[in-house]
Amino acid sequence: MSYIKIYNTILALELTANAFRTYSALLSFMNTCTCYANVSTWKLAARVGLSEKSIARGVSELQQKQLITIVGKRHQGHRLANGYRIAPQCGGYTKVPVALLAAPMTSCCFKLCAFLLKCADKNKKAFPSLRFIAKSIGITVQTIIEQLKVLQELKIISKQHQIKMDSSFGHNLYNILEGLTIFVKKEKTRLVRVPSQIATKAATQKCNFSLQLKSCFVKTISQIQSLFRKECSKFVQTCTKPIFIIQKKIKEILRV
């Protein structure tokens, strides 16, 4: 299982959920030795399931926060994909699986999942309060409740209600890694099967197109041949008719 390192200083910044997911996508393409990522916008969009315009807005925000520097590239006058020099960070960090980037969830949900991974202990259990999560990542409590339901449906986390000694409810307990491991295994299986299905479908379509083209070509050739025979027969008839008339007249003259 491959991971990206998201430093806690990044989670502490007031980044929008879109910019945070774009930053995570850049980390997945980054060379850890040089802190440099050479990747096109459409590849970033495909990695996280966002549009290219959303990626462009996220890159612009990251550039304003001085987290990245865009390096333009050209070759023989043609513009190439931009390079991104990512500012090095230090301190504690959170390991986030790369497969989670392409999960069918919103950017807010992804940022929430990354924060829960940060709060998790050695047993991969986290119990932050809703108010603490909302204050830390800049999302309302109502949005957090909705996104927690999405994470539960995807089986990335499981939630347990905690009861205090005085029979009152405490903070929820979130078991993260168990559901996350199941999700990553499903993602690997899906990523292996889908391209083969697409390749098979494309090969079938190509074969059908070739057969249709061949039948159309054969039909056209036969039509041309029949038309050529008709025109040749007409030409022969028009050429032989005057010859018959001349021969007939010669015979009549010889008789006289």
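In this predicted model, E61 is buried but forms no salt bridge. The nearest side chain of opposite charge belongs to K65, and it is 5.4 Å away. A salt bridge needs a side-chain nitrogen of Lys or Arg within 4 Å of a carboxyl oxygen, so at 5.4 Å K65 does not qualify as a partner of E61. What the side chain of E61 does have is a polar contact with the side chain of T16, at 2.7 Å. E61 is part of helix α4, which covers residues 52-64. Leaving out residues up to four places away in sequence, E61 touches E14, L15, T16 and A19.

The setting for this residue is a protein chain with 8 helices and 10 strands. Of its 256 residues, 30% are buried. Among the contacts with a separation of 6 or more, 61% join residues that are 24 or more positions apart.

L15, which touches E61, is also in contact with I10. I10 sits in helix α1, residues 8-12, and is buried, with a relative accessible area of 1%. Beyond its neighbours within four places in sequence, I10 is in contact with L15, F20, Y23, L67 and Q89. F20 is 10 residues from I10 along the chain, and the C-alpha atoms of I10 and F20 are separated by 8.3 Å.

F20 leads on to helix α5, since F20 is one of the residues that F110 touches, and F110 lies in α5. The relative accessibility of F110 is 0%, which counts as buried. Apart from residues up to four places away in sequence, F110 touches F20, R21, S24, V96, L100, L101 and M105. L100 is 10 residues from F110 along the chain, with 7.8 Å between the C-alpha atoms of F110 and L100.

Helix α5 as a whole is mostly covered, with 10 of its 13 residues buried. These are S107, C109, F110, K111, L112, C113, A114, F115, L116 and L117. The list includes a lysine, K111, alongside residues such as F115 and L116. From its first C-alpha to its last, α5 reaches 19 Å, close to the 18 Å expected at 1.5 Å a residue.

Two of the buried residues of α5, A114 and L117, are touched by T94. T94 belongs to strand β7, residues 93-97, and counts as buried at 6% relative accessibility. The side chain of T94 makes a polar contact with the side chain of N8, at 3.3 Å. With residues up to four places away in sequence left out, T94 touches I4, K5, I6, N8, L11, A114, L117 and K118.

Helix α5 also has a part in covering another helix, α6. The buried residues of α6, which spans residues 130-137, are I133, A134 and I137. They lie on the same side of α6, because the arc they cover around the axis is only 100°. On the other side of α6, R131 and K135 are exposed. The elements that cover the buried residues of α6 include α5 (107-119) and α7 (141-153). After α6 comes G138, a residue with a positive phi near 70°.

A positive phi also occurs outside glycine in this model, at C35 and at Q66. Most residues other than glycine have a negative phi. For C35 the value is about 55°, and C35 is placed in the loop between α2 (17-29) and β2 (36-38). For Q66 phi is near 60°. Q66 is found in the loop between α4 and β3 (68-71). Q66 has a relative accessibility of 67% and so counts as exposed. With Q66 the account returns to the neighbourhood of α4 in the chain, the helix that holds the buried E61 described at the start.

How values were computed
Residues numbered from 1 in each chain as written. Predicted model: local features only at pLDDT ≥ 70, side-chain atom pairs only at ≥ 80, totals over all residues. Heavy atoms only, no water. Helix = DSSP H or I, 4+ residues; strand = E, 2+ residues; numbered from the N terminus. Buried < 20%, exposed > 50% of the residue type's maximum accessible area, 1.4 Å probe, protein only. Lys, Arg positive; Asp, Glu negative; His and termini not counted. Polar contact = N/O pair within 3.5 Å; in protein donor to acceptor, adjacent residues only side chain to side chain. Contact = heavy atoms within 4.5 Å. Arc of directions from axis to C-beta. Expected span 1.5 Å × (residues − 1).
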